[in-house]
Amino acid sequence: MNFYMKDATTAIVSDVEHFNLTHTFMCGQCFRWYENEDGTYTGIAYGKAVTFELNGNKLTIYNTTEDDVKNIWLDYLDLNRDYSHIKATYAKDKYVSAAMEFGYGIHILNQDVFECLISFIISTQNQIPRIKKIVAALSEMYGKACKIGDVTLYAFPTAEELKDVKAEDLASLKAGYRADYIVDAVAKVLSGEVDLQKVKLLPYAEAKKELMKIKGVGPKVADCVLLFSSGKSEAFPVDVWVQRTMRTLYMDEKATNRQIEAKATELFGKYAGFAQQYLFYYSRENSNNW
DNA sequence: TTGCAGGGGTCAA
DNA sequence: TTGACCCCTGCA
């Protein structure tokens, strides 16, 4: 992957393949990116606000530095991975192939673990627009301001920045019962009872167990965190859409989530998470009509 | 206007 | 295994 600085704050990444900003940012894995009128995307991750513009195979990153491109954005956007290999892996599966055609260019982002954890705790029994709203409000309350042009965005707060926050302080977020879960997550992360860095290093099953020590983190939320921020490509989050999809396409109406997970491992193996994201996106956008 | 169902689930019994 | 859960949105 090659890139160069066009000027002091603008990077050009060339030869970008199998990548689409809209599908990547709108497929439900992240909550902090917004489309501008010209089709570019502005948002914030790892405390840095940037704008992405994709023209053919050329990705332009505005408001950045050479170091940040090297150390953050190439990895964040998963640009170092060969997605043609993923595509080839599922060439024989007509449903995943169709879903990959539809959601072409979805990349699985490598997000910050803590941000991902709290965001998906908030996502339970919730709708995406509302999740985005709550995450934005939490960031504005406790995160650092970061300017891009004349717009101010707020970084997702660190665990340290949420150290003294109590559930009642979060009432204005209208996150409901999830406020207690956020407080529990912060406490366990800060005390070291749950070590988020260790989660990245542990094998999948152990990492999942570790995350599920946190209140409000069940199998689905844990799998989202593992897939979207911890490099566990075998994680296969089973939500209502994926449940419907797997029952419709590969199993029967009575299949339990546990059976679905096992089936996913059998069918999709080490890259199950990629299959999940494409199946999920297709299913949700097409109301599970295959 | 009011009422109800459901939302990328999880907890507790 | 099942019902309750905070709060919001969409739709009769």
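**Close-up 1. Helix H11 and the helices that cover its buried residues in this predicted model.** Helix H12 (257-268) and helix H13 (272-285) are among the elements that cover the buried residues of H11. Helix H11 itself spans residues 240-249, and its buried residues are Val 242, Thr 245 and Met 246. These residues lie on the same side of H11, because they cover an arc of only 95° around the axis.

**Close-up 2. Helix H5, a largely enclosed helix.** Helix H5 covers residues 113-122, and 10 of its 10 residues are buried, so the rest of the structure largely encloses this helix. The buried residues of H5 are Val 113, Phe 114, Glu 115, Cys 116, Leu 117, Ile 118, Ser 119, Phe 120, Ile 121 and Ile 122. The cover over them includes helix H6 (128-142), helix H7 (178-191), helix H8 (196-201) and helix H10 (219-229).

**Close-up 3. The surface near DNA strand B.** DNA strand B is surrounded by 22 residues, of which the closest are Gly 28, Gly 218, Lys 220, Val 221 and Pro 237. Helices H10 and H11 each supply at least two residues of this surface. The largest share, four residues, comes from H10. By type, the residues of the surface near DNA strand B comprise 10 nonpolar, nine polar and three charged.

**Close-up 4. The surface near DNA strand C.** The residues around DNA strand C are Gln 125, Arg 130, Lys 174, Gly 176 and Tyr 177. They divide into one nonpolar, two polar and two charged residues.

**Close-up 5. The open sheet of six strands.** The order of the strands is E1-E2-E6-E5-E4-E3, and their pairing is antiparallel. Strand E1 (2-7) and strand E3 (33-35) stand at the edges, each with a single partner strand, so one side of each has no neighbour in the sheet. On average, neighbouring strands of this sheet are turned by 25° against each other, direction ignored. Strands of a sheet pair through backbone hydrogen bonds, in either a parallel or an antiparallel way. At the E3 edge, three bridges join E3 to strand E4 (residues 41-45), and the two run antiparallel. Within this pair, Tyr 34 has Thr 42 in E4 as its bridge partner.

**Close-up 6. Strand E2 between its partners E1 and E6.** Strands E1 and E2 form a hairpin with two residues between them. They pair in the antiparallel sense over five bridges, and Phe 3 stands opposite Val 13 in E2. Four bridges join E2 to strand E6 (residues 58-62), again in an antiparallel arrangement. Here the bridge partner of Val 13 is Leu 59 in E6. In a regular strand the side chains alternate between the two faces of the sheet. The covered face of E2 holds Ala 11 and Val 13, and the uncovered face holds Thr 10, Ile 12 and Ser 14.

**Close-up 7. Thr 10 in strand E2 and its contacts.** Thr 10 belongs to strand E2, which covers residues 10-14. It counts as partly exposed, because 15 C-beta neighbours lie inside 10 Å. Leaving aside neighbours within four places in sequence, Thr 10 is in contact with Met 5, Thr 60 and Tyr 62. Asp 67 is 57 residues from Thr 10 along the chain, and the C-alpha atoms of these two residues are separated by 12 Å.

**Close-up 8. Asp 15 and His 18 in the loop between E2 and helix H1.** Most residues other than glycine have a negative phi. Asp 15, in the loop between E2 and helix H1 (21-26), has a positive phi near 55°. His 18, also placed in the loop between E2 and H1, has a positive phi near 50°. Asp 15 is exposed, with 11 other C-beta atoms within 10 Å. His 18 is partly exposed, with 18 other C-beta atoms within 10 Å.

**Close-up 9. Leu 21 in helix H1.** Leu 21 has its place in helix H1 and is partly exposed, with 19 other C-beta atoms within 10 Å. The cut-off for a buried residue is 20 or more such atoms. Not counting residues up to four places away in sequence, Leu 21 touches Tyr 41, Phe 52 and Leu 54. Leu 21 and Leu 59 are 38 residues apart in sequence, and their C-alpha atoms are 9.7 Å apart in space.

Notes
Residues numbered from 1 in each chain as written. Chains lettered and ligands numbered in written order. Predicted model: local features only at pLDDT ≥ 70, side-chain atom pairs only at ≥ 80, totals over all residues. Buried ≥ 20, exposed ≤ 12 C-beta atoms within 10 Å, placed from the backbone. Arc of directions from axis to C-beta. Contact = placed C-beta atoms within 7 Å. Near = placed C-beta within 6 Å. Nonpolar A, V, L, I, M, F, W, Y, C, P; charged D, E, K, R; others polar. Pairing = 2+ DSSP bridges. Axes fitted to C-alpha atoms, helices over the stretch in contact; angles between N-to-C directions.
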